[in-house]
Amino acid sequence: TYSAWDANIRWFHWINVLCIIGLIAVGVVILNAKPLGVAVEGKILLKTVHVLIGYIFALNLFWRILWTFVGGPNARWRAILPGGRGYLKELKRYIADFSAGQARQYLGHNPLGRIAVTLLLFLLMTQAVTGLVLAGTDIFYPPIGSWIASWIAAPGVDPGTLMPYAKETYDAEAYKAKRAFREPFITVHYDGFYALIIVGVIHIVAVVVTEIREGGGLISAMFTGKKILNGPPADRKKSHQAIR
């Protein structure tokens with residue numbers, strides 16, 4: 001039995017899963033608010049819930065990024081990012097062995113897994129950043145909500161009193177400029193929403209297939225932190241000691 005994932009990684013993983021499920025569920029309703037007959041008050045509530053879940057999602061992601069600099073060997077960037085000395089050779093060997101039904105076992109991510117995890121982290125960071133911007137431009141939530149409110153408040157209107165969809169309290173030209181400002185963030189967030197769903201499904205399928213082909217307790221390790229391998233992992237020196 002080998003120690004693979006520390007508690008920080010495991011907690012991040014499952015908090016992230018729950019947040020993504022919640023964000024997707026609420027996001028789908030928001031996108032279909034009009035055909036579902038959701039009133040303005042309902043849309044504001046949905047967006048508020050979406051943003052609050054998003055804060056948990058972003059903070060959890062921030063902690064994971066921080067952990068890539070201070071965590072254990074399997075948590076660091078060098079164990080996640082595809083690259084480094086001998087990576088391409090190891091990737092080709094892994095694919096060949098996997099195709100031949102003799103998949104090599106890894107304590108951390110296998111060479112293909114590193115590509116997938118890097119893509120997932122990129123998508124997660126993109127969604128977090130664009131989501132925080134949209135939270136401010138849409139319902140005036142931090143971190144930029146107060147700045148947006150000050151930008152678009154009509155003359156004589158206290159920015160702190162602005163409410164979403166209350167256009168009569170907005171300066172028309174500033175509101176138009178604000179919409180132009182947020183447009184690219186909407187596009188990236190919208191496209192990233194679908195990309196994350198697609199990559200997430202591929203990730204789940206790949207994990208199941210890898211578990212079946214390689215064994216080692218890949219899925220259970222995200223609960224227990226430990227993998228049960230047939231021999232020394234391919235990504236560790238032979239001197240690595242197993243934890244019994």
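Let's start at the N-terminal end of helix α5, where N110 acts as the cap: one of its side-chain oxygens sits 3.0 Å from the backbone nitrogen of L112. Please keep in mind that everything I show today comes from a predicted model.

So what does N110 lead into? Helix α5 covers residues 111–139, which is 29 residues. From first C-alpha to last, α5 reaches 42 Å, close to the 42 Å expected at 1.5 Å a residue. Just past the end of α5 comes F140, with a positive phi of about 60 degrees.

Let's stay with α5 and turn to the packing. The largest nonpolar core has 19 residues, and the members that touch the most others in it are F57, L61, L121, L124 and L196. Which elements give two or more residues to this core? They are α1 (7–31), α3 (40–70), α5 and α7 (172–214). The largest share, six residues, comes from α5.

Take F57 as an example. Setting aside residues up to four places away in sequence, F57 touches N16, C19, I20, L23, L124, Q127 and A128. There is also a second, separate core of ten residues, and among its members are Y2, W5, L107 and M222.

Next, the open space. The largest pocket has a volume of about 1400 Å³. Of the 48 residues lining this pocket, H13, L120, H203, I204 and V207 are the closest to its centre. Helices α1, α4, α5 and α7 each supply at least two lining residues, and the largest share, 14 residues, comes from α7.

Now, two residues to compare: T68 and G84. Is T68 buried or exposed? T68, which lies in helix α3, counts as buried because its relative accessibility is 2%, under the 20% cut-off. Its side chain has polar partners, too. A polar atom of that side chain lies 2.4 Å from the backbone oxygen of I65, and the T68 side chain also makes a polar contact of 2.8 Å with the side chain of W77. Beyond its neighbours within four places in sequence, T68 is in contact with A75, R76, W77 and I80.

And G84? You will find G84 in the loop between α3 and α4 (87–99). With a relative accessible area of 62%, over the 50% cut-off, G84 is therefore exposed. One last distance for those turning the model on screen: G84 and G217 are 133 residues apart in sequence, and their C-alpha atoms are 26 Å apart in space.

Thanks for listening, everyone!

Terms used: Residues numbered from 1 in each chain as written. Predicted model: local features only at pLDDT ≥ 70, side-chain atom pairs only at ≥ 80, totals over all residues. Heavy atoms only, no water. Helix = DSSP H or I, 4+ residues; strand = E, 2+ residues; numbered from the N terminus. Expected span 1.5 Å × (residues − 1). Polar contact = N/O pair within 3.5 Å; in protein donor to acceptor, adjacent residues only side chain to side chain. Core = buried A, V, L, I, M, F, W, Y, C linked by side-chain atoms within 4.5 Å. Buried < 20%, exposed > 50% of the residue type's maximum accessible area, 1.4 Å probe, protein only. Contact = heavy atoms within 4.5 Å. 1 Å grid on protein atoms, 1.4 Å probe; cavity = no way out; pocket = protein on both sides within 12 Å on 5 of 7 lines; lining within 4 Å. Points joined across faces, edges and corners; volume = space filled by probe spheres on them.
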